[in-house]
Amino acid sequence: FLAYAKLFNGVFDGFIPLNDVPVYNENVYDNVIYESSSKENEIHNYTINYVQPLSEGVVTKIYKNKDDKYDIYIKSIDGYSYVYKGLENIDVSIYSYISLNTILGISCYDEDINCYKFTLVIEKDGECFSYYDTKED
């Protein structure tokens with residue numbers, strides 16, 4: 001169908017709308033450190049404080065910790081579950097659809113390492129993954 005739609009659009013100048021939308025955002029974080037013992041990815045951003053998702057999906061849970069930090073749980077369309085942990089504040093609500101350009105919230109500034117920092121857990125079928133493992137899918 002796609003080949004015919006492109007041919008048809010070439011003749012009739014975009015009559016059938018085709019959206020080539022990426023489902024994975026790979027250029028979001030400055031530095032990622034995977035902690036194999038905790039199975040968490042520690043994310044460092046040196047210039048931006050906002051957090052964007054790696055993939056589109058739906059917010060399934062929002063949790064406020066005892067230290068007033070937020071965790072956002074997202075079930076994505078790529079089959080992975082993502083948990084963005086330790087956010088200072090959030091800009092989404094439960095059951096929101098999340099696109100790649102959505103700002104989930106604001107990460108905390110860590111004065112010891114002079115950057116914005118949060119934790120990311122990536123899980124699929126009961127197994128946790130490094131950020132770099134999911135980039136290859």
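Start with the whole protein chain on screen: about 8400 Å² of it is exposed, and carbon and sulfur atoms supply 49% of that area (accessible areas come from the Shrake-Rupley method with a 1.4 Å probe, and for residues only the protein chains shown count as cover). Before you click on, know that this is a predicted model, where local features need pLDDT of at least 70, side-chain atom pairs count only at pLDDT 80 or more, and totals for chains, interfaces and linings use all residues. Residues are numbered from 1 along each chain as its sequence is written, and side-chain values use heavy atoms, leaving out hydrogens and water.

**Stop 1: the whole chain**

Switch to cartoon view. You should find two helices and ten strands (these are DSSP runs numbered from the N terminus, H or I of at least four residues for helices and E of at least two for strands). Along the sequence the order is α-β-β-β-β-β-β-β-β-β-β-α. Of the 137 residues, 37% are buried (under 20% relative accessible area; exposed is over 50% and partly exposed is in between, with a 1.4 Å probe and protein chains only). Now think about contacts (heavy atoms within 4.5 Å): among those between residues at least 6 apart in sequence, 55% join residues at least 24 apart.

**Stop 2: the β1-β2 hairpin**

Select residues 31-35 and 40-45. These are β1 and β2, which run antiparallel and are joined by five bridges (strands pair if DSSP finds at least two bridges between them). Zoom in on Val-32 and you'll see Ile-43 of β2 opposite. Four residues lie between the two strands, and Lys-39 in the turn has a positive phi of about 60°.

**Stop 3: follow β6**

Next, pick 70-76 and 81-90, which are β5 and β6. Here is another antiparallel pair with five bridges, and Tyr-73 has Val-83 as its bridge partner in β6. This hairpin also has four residues between its strands, with Gly-79 taking a positive phi near 90°.

Keep β6 selected and add β9, residues 115-124. β6 and β9 pair antiparallel over five bridges, with Tyr-82 opposite Ile-122. Then add β8, residues 105-110, which runs antiparallel to β6 and is joined to it by three bridges. Look for Asn-89 facing Ile-106 there.

**Stop 4: into the core**

Show side chains for Tyr-29, Leu-54, Tyr-84, Leu-104, Phe-118, Leu-120 and Ile-122: in the largest nonpolar core, which has 22 residues, these touch the most other members. (A nonpolar core is a set of buried Ala, Val, Leu, Ile, Met, Phe, Trp, Tyr and Cys residues joined through side-chain atoms within 4.5 Å.) β5, β6 and β9 each supply at least two residues of this core.

Click Leu-120. Leaving aside neighbours within four places in sequence, its contacts include Tyr-29, Ile-43, Leu-54 and Tyr-84.

Now select Val-121, also in β9. Is Val-121 buried or exposed? Val-121 counts as buried because its relative accessibility is 15%. Try the distance tool: the C-alpha atoms of Val-121 and Asn-41 are separated by 6.1 Å, although they are 80 residues apart along the chain. Beyond four places in sequence, Val-121 is in contact with residues including Lys-39, Ser-81 and Cys-128.

**Stop 5: back to the surface**

Finish with Val-58, which sits in β4, residues 57-64. Val-58 is partly exposed, at 31% relative accessible area.
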